[in-house]
Amino acid sequence: MRGLPAAARGYIGCAAPAAALCAAPAVGLGPGAPWSSALALAILYGLCEQLRRCRAGRAPYAPDSGAPGGFPTGWAGPVLLAGVFLLPPPLAALAAVPGALLAPAEPRFAAARRLWHAAELALACWAAAQVFRSLGHQPLSAPQFPVVLLPAVAAAATFCVVLAALDGGVLAAAERHPVRTAWRGLLTRSLAPHLVHGLAGLMMAVLWCSSYGPPAALLVLLPMYLSCWAFDRYHRERAAHRATIRALVQAVDIKDRYTRGHSERVGRASVMIARELGLAEDRMEALRFAGILHDVGKLGVPTRLLRKDGPLTPQERRVIELHPEYGHEIVRGIGFLEEARAAILHHHERLDGSGYPYGLRGHQIPEVARVVAVADAFDAMTSTRSYRRARPVPVAVAELRKCAGAQFDPRMVRALVASLDRYGWHPDLVTAAPEPGAGRSEREDVPPRDAGGGEPVPVPPVPLPERAGRDGVR
């Protein structure tokens, strides 16, 4: 446990003895206790931990963050809850320990992770078994379904509540999360999966006690394993999607270092707008991808133009304005970016029809593109550049409102403003300053200046004056 924060060492140091005290009464249960069932469940749980493939049920803290947690309960959860229904509380706690101590763990603080995992599961199993007994049910010795259903649900809920409470504590102690937010969302995210596991565990317990015996109980694990395998495939596919996005964004950042971090922030602002609009979760994900990749077409623009000092010629400006079409072609063959492609192609269109590449008007512009256009302009105005300071958020919001109806969709502007009022704006991704001689990138989608403001003009009909530089080209 060397290297862990002192608070984490103290937290685990309290949880482990508490778990030991819960399991200690098992010593006095005598030979009449269901030791064989406890041993069989402990071995079964240990095997499940070695074979686990499921990301569902993963502890809420990141496994690579240095905290001693990060274990998924996965498809092995019903085994623990079957022990809750079949065994006295001390044995239910004890049955969880060997598998948890032998489970695979992240290399960093592996011993602390295993100890914590064993302690929290032992405490949760003990508490759930106590609740099950307190509701008038002794450990199952004969099929009692469906009479036992409500006590079993209460026990599974207790199991979930204890794990959530302990997980929040380790977040605060090991990862230094603020105490006011450490427990936020832990219970609501995990309650439904644990209730499902509770029902599966009850089915295992009923079959275990039936004339068919323990082998029949193993059949319950098969659909659990298959469902978790499907979830694992899903999460692996999502990880591959994220890797694809990362590779494309890194390629853009390498070619045009000037606005590094801009893409990620536009993705974040796009999600804020989408959430305020009440869009479905899958559409919010598509908008995040669209925001992150909106400038991927810069890969098709000559680097000398992206880094050129001084104003662009009209011919160079036309080349820059091809980047939405380049981006659309780059992601054309990537199936999961189907909706994002429309935003990549049309995020420089304007409601008044003066945008590019096709001069679409009003609602001819896809909704995702109207969202990304507002997010792009907002981040451009609130980011510091080598030749100007970032505008304050209220100033950027005022500019967006001024351009609403001509350049931007007023509904998207209102959604962004409402989200900013509710959550604020925390651009923790810092845009890297360009190297000397790197030039000024043609990236920002900045609204028009007012008559005396001296700010750049977007997509003007004539070449920009020298004093404006090229910030106005989108």
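This passage walks through selected features of a predicted model, from annotated spans to ring pairs and one helix.

A good place to start is with the record. The unreviewed UniProt entry carries the annotation "transmembrane region" for residues 79-103, 115-132, 152-174 and 186-208. Two of these spans can be described in the model. Residues 186-208 are 100% helix and 0% strand, and the C-alpha atoms at the ends of this span lie 32 Å apart. For residues 79-103, the helix content is 88% and the strand content 0%, with 15 Å between the end C-alpha atoms.

Attention turns next to the surface. Leu29, Trp35 and Leu94 together make a nonpolar surface patch of about 240 Å². One of these residues, leucine 29, sits in the loop that runs between helix H1 (6-23) and helix H2 (35-51). Its relative accessible area is 33%, so leucine 29 is classed as partly exposed, given that this class lies between 20% and 50%.

Aromatic rings offer another way into the fold, and the model contains 4 aromatic pairs. Among them is the tilted pair of tyrosine 11 and tryptophan 116, whose ring centres are 5.3 Å apart and whose planes meet at 45°. Because tyrosine 11 belongs to helix H1 and tryptophan 116 to helix H5 (residues 110-134), this pair ties together parts that are 105 residues apart in sequence. The two partners can also be described by their cover: tyrosine 11 is partly exposed, with a relative accessible area of 24%, whereas tryptophan 116 is buried at 0%. A further pair joins phenylalanine 378 and tryptophan 425; the centres of these rings are 5.1 Å apart and the planes stand at 80°, so the arrangement is edge-to-face. This pair, too, links distant parts of the chain, 47 residues apart: phenylalanine 378 is in helix H17 (residues 367-382), and tryptophan 425 is in the segment after helix H19 (410-423). Both phenylalanine 378 and tryptophan 425 are buried.

Finally, helix H11 rewards a look of its own. This helix covers residues 262-277, and its 16 residues should span 22 Å at 1.5 Å a residue; the end C-alpha atoms are 23 Å apart, which agrees with that expectation. Helix H11 is also mostly covered, since 12 of its 16 residues are buried. The buried positions include His262, Ser263 and Arg265 as well as Val266, Val271, Met272, Ile273 and Leu277. Gly267, Ala269, Ser270 and Ala274 are likewise buried residues of H11.

Definitions and conventions: Residues numbered from 1 in each chain as written. Predicted model: local features only at pLDDT ≥ 70, side-chain atom pairs only at ≥ 80, totals over all residues. Heavy atoms only, no water. UniProt positions renumbered as here; feature names shortened; annotations may be inferred. Helix = DSSP H or I, 4+ residues; strand = E, 2+ residues; numbered from the N terminus. Patch = residues over 30% accessible without salt bridge, like charges linked within 9 Å, V, L, I, M, F, W, Y side chains within 5 Å. Areas by Shrake-Rupley, 256 points an atom, 1.4 Å probe, with all protein chains shown as cover. Salt bridge = Lys/Arg side-chain N within 4 Å of Asp/Glu carboxyl O. Buried < 20%, exposed > 50% of the residue type's maximum accessible area, 1.4 Å probe, protein only. Phe/Tyr/Trp six-rings, centres within 6.5 Å; stacked < 30°, edge-to-face > 60°. Expected span 1.5 Å × (residues − 1).
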